Number of protein chains: 2
Amino acid sequence: MRDPTENAELALLLEVASTPKPGNVDRARDHPGLRFEHFLAGAVGARRGLADAADGDPVGAAFEAAVEGMSHQSGGNTQFGALLLLTPLVRAAGMGHCDPDGASAVVADTTVADAAGFYRAFEHVDVAVDEPPAGTAAPDVRLGAEAVPELERRGLTLADVMAESAATDGVAAEWTGGFPRTFEAATRLVAAEGPVTDRAARVYLELLAGEVDTFVRTQHDRETAEEVTERAAAALAGAADPADLAEEFVERGINPGTTADITAGALFVALERGLGV
Amino acid sequence: MRDPTENAELALLLEVASTPKPGNVDRARDHPGLRFEHFLAGAVGARRGLADAADGDPVGAAFEAAVEGMSHQSGGNTQFGALLLLTPLVRAAGMGHCDPDGASAVVADTTVADAAGFYRAFEHVDVAVDEPPAGTAAPDVRLGAEAVPELERRGLTLADVMAESAATDGVAAEWTGGFPRTFEAATRLVAAEGPVTDRAARVYLELLAGEVDTFVRTQHDRETAEEVTERAAAALAGAADPADLAEEFVERGINPGTTADITAGALFVALERGLGV
């Protein structure tokens with residue numbers, strides 16, 4: 001059967017194929033300049049870095065390799081956040097421990113060199129990030145490799161860097177908290193019935209209704225992010241059509257990318273647990 | 001940039017994502033029991049065998065490995081014909097000769113062991129094939145591995161087996177003729193403009209209008225296959241909507257699979273020639 005590398009690549013593909021996923025590129029919707037085909041090429045290119053993680057390479061280097069491979073398409077940033085979430089999970093799965101403890105152990109074992117790999121990854125693709133919030137102790141990610149001397153001087157590991165962003169970034173919060181939303185969503189994916197992409201679209205909506213998407217909050221504001229959460233809850237409750245919501249969010253430039261990242265991570269865990277395609 | 005293995009996997013993904021491709025599963029259409037997600041898993045699973053071909057493994061063994069990997073999904077046969085077309089092309093690309101001469105040299109070099117790998121591949125997935133036509137000299141593919149003693153006794157190479165089927169199977173005809181339709185379609189893919197999946201949908205329709213699809217002829221009859229060719233030509237000429245044709249073909253169970261296989265092969269060649277995604 002499929003190994004962790006293959007399941008991770010397939011998770012990326014199933015995530016983008018799942019529809020409707022309001023606000024994100026999916027099987028039925030492109031964004032201007034960012035199309036379905038860019039995500040296909042991103043997933044294919046990321047596989048080598050994911051294989052490095054499964055084979056036991058350091059998380060930071062494997063992540064950087066995955067992002068570099070992902071970047072060989074003209075759409076820009078397709079799966080940066082999803083790869084950041086997947087890399088420690090794939091590393092844990094490669095060791096036979098694809099569970100919260102195993103993933104947390106991978107996080108705890110990260111080093112300053114892993115942090116350096118994370119910062120270097122920003123050089124391969126243009127990631128939409130803001131000014132770091134006042135009081136942030138970790139270097140600005142926009143520095144890329146230039147941040148490495150400071151990381152080394154201060155002895156900051158990748159776990160330290162993620163802990164610093166956990167309050168403002170949903171993927172970082174998963175890293176520091178034992179990946180709770182990822183594993184819970186995986187359980188729901190396995191328990192559901194029907195085509196995998198229908199299950200994933202449902203779980204995406206549940207995740208979106210459950211917590212504010214931090215990428216929307218960063219790109220827009222808190223009010224917009226809270227509105228998105230409420231609208232997703234209404235769609236889940238049957239009070240709105242998720243397909244209409246998808247059209248509206250794309251039109252308004254609302255892109256709940258963090259929720260899509262967690263959906264990809266959950267698909268990986270579910271595939272590792274035997275979810276059949 | 002992407003290597004031949006990655007380009008081959010991406011070609012499989014871009015082929016299935018291209019829409020409308022009347023009669024085939026595509027980004028907008030599933031068949032009953034054969035869904036888009038099965039093709040995603042098929043492409044991910046096939047990559048290991050494609051990598052074997054790029055690394056110089058014998059074509060028959062690489063093809064069998066690709067089909068075995070492809071089979072790890074519940075939809076059944078997703079990309080058997082496409083992999084049969086891709087394997088010698090990937091092997092040629094791995095040697096730096098992704099052109100008609102290079103591919104023909106790979107075909108000419110096939111052995112009896114390659115033929116055995118081809119027959120063994122039929123054991124991994126249920127391929128829709130009919131009784132062999134009267135007078136066919138090669139063993140019935142439905143024998144699978146049981147055909148190997150006969151192949152060995154008669155010294156039949158994979159090139160011999162393909163030559164035997166060239167009159168009735170469009171993929172075999174590519175093998176024996178220097179892959180003419182594949183390379184011509186690749187040239188048109190590179191020369192076209194716009195998203196890759198739009199280019200591929202157009203080239204699929206041109207291929208369908210250009211020659212009878214042998215899979216349709218085998219599954220239905222000559223009249224149906226000729227009707228499909230005429231209808232595709234009408235759609236190309238603007239006299240019919242390809243999307244309507246897609247709906248109708250799916251309803252009638254008309255699946256021009258050989259034309260999709262050649263589209264996947266052409267996408268691979270185009271990517272090797274620098275077509276950007």
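1. A residue counts as buried when its relative accessible area is under 20%, as exposed when that area is over 50%, and as partly exposed in between. By this scale B:Arg154, with a relative accessible area of 38%, is partly exposed. The structure under discussion is a predicted model, and the points below should be read in that light.

2. The relation between the chains may be taken up at the outset. Chain B can be laid on chain A by a turn of 180 degrees, with a shift of 0.0 Å along the axis and an RMSD of 0.0 Å. The two copies are therefore related as by a two-fold rotation axis. Among the residues of chain B, B:Arg27 comes closest to that axis, its C-alpha lying at 3.1 Å.

3. The contact between the chains involves 31 residues of chain B and 31 residues of chain A. Of the interface residues of chain B, 100% are also interface residues in chain A, so the copies meet through the same surface.

4. The area buried between chain B and chain A is about 2,700 Å², and carbon and sulfur atoms give 54% of it. On the side of chain B, the residues that lose the most area to chain A are B:Arg27, B:Glu37 and B:Val277, which together account for 27% of what that side buries. B:Arg27 thus appears here again, having been named as the residue of chain B that comes closest to the rotation axis.

5. Polar interactions across the interface deserve a separate remark. The rule finds 19 residue pairs in polar contact between chain B and chain A, with both residues at pLDDT 80 or more. The elements that give two or more residues to the side of chain B touching chain A are α1 (4-17), α2 (36-54) and α11 (196-210) of chain B. Of the elements on this side, α2(B) gives the most, with nine residues. The residues of this side of chain B divide into 13 nonpolar, six polar and twelve charged.

6. Four salt bridges are found across the interface of chain B and chain A. A salt bridge joins A:Arg27 to B:Asp30, with the closest N and O atoms 3.0 Å apart. Residues of both chains also appear in a network of salt bridges that links A:Glu6, A:Glu9, A:Arg47 and B:Arg48.

7. How many salt bridges does a search of the whole structure find over all chains? The count is 36. Three pairs within chain B are described in the next points.

8. B:Arg154 and B:Glu150 meet through their side chains in a salt bridge, at 2.6 Å from N to O. These two residues are four residues apart in helix α7 (residues 148-154) of chain B, and are therefore separated by about one helical turn. B:Glu150, like its partner, is partly exposed; the relative accessible area is 22% for B:Glu150 and 38% for B:Arg154.

9. A second pair is formed by B:Glu206 and B:Arg188, whose side chains meet in a salt bridge of 2.6 Å, N to O. This pair links distant parts of the chain: B:Glu206 belongs to helix α11 of chain B and B:Arg188 to helix α10 (residues 180-191) of chain B, 18 residues apart. B:Glu206 is partly exposed at 23% relative accessibility, and B:Arg188 is partly exposed with a relative accessible area of 33%.

10. The side chains of B:Arg231 and B:Glu248 also meet in a salt bridge, again 2.6 Å from N to O. Here helix α13 (residues 222-236) of chain B, which holds B:Arg231, is linked to helix α14 (residues 242-252) of chain B, which holds B:Glu248, across 17 residues. B:Arg231 counts as partly exposed at 27% relative accessibility, as does B:Glu248 with a relative accessible area of 24%.

11. Is A:Leu14, in helix α1 (residues 4-17) of chain A, buried or exposed? A:Leu14 has a relative accessible area of 0% and is buried, because the limit for that class is under 20%. Beyond its neighbours within four places in sequence, A:Leu14 is in contact with A:Val196, A:Thr197, A:Leu267, A:Leu271 and A:Val277, and also with B:Glu37 and B:Leu40.

12. A:Thr78 lies in the loop between α3 (59-70) and α4 (80-94) of chain A. A:Thr78 is buried, with a relative accessible area of 11%. The side chains of A:Thr78 and A:Gln79 are joined by a polar contact of 2.7 Å. Not counting residues up to four places away in sequence, A:Thr78 touches A:Leu34, A:His38, A:Phe39, A:Gly42, A:Met70 and A:Gln73.

Note on methods
Residues are numbered from 1 along each chain as its sequence is written. Chains are lettered from A and ligands numbered from 1 in the order in which they are written. This is a predicted model: local features need pLDDT of at least 70, side-chain atom pairs count only at pLDDT 80 or more; totals for chains, interfaces and linings use all residues. Side-chain values use heavy atoms; hydrogens and water are left out. Contact means heavy atoms within 4.5 Å. Buried area is the accessible area (1.4 Å probe) that two parts lose on being put together, summed over both. A polar contact is a pair of N or O atoms within 3.5 Å; within protein, one must be able to donate a hydrogen and the other to accept it, and residues adjacent in sequence count only if both atoms are side-chain atoms. Ala, Val, Leu, Ile, Met, Phe, Trp, Tyr, Cys and Pro count as nonpolar, Asp, Glu, Lys and Arg as charged, and the others, Gly among them, as polar. Copies are superposed by least squares on the C-alpha atoms of residues with pLDDT of at least 70 in both. Buried means under 20% relative accessible area, exposed over 50%, partly exposed in between (1.4 Å probe, protein chains only).
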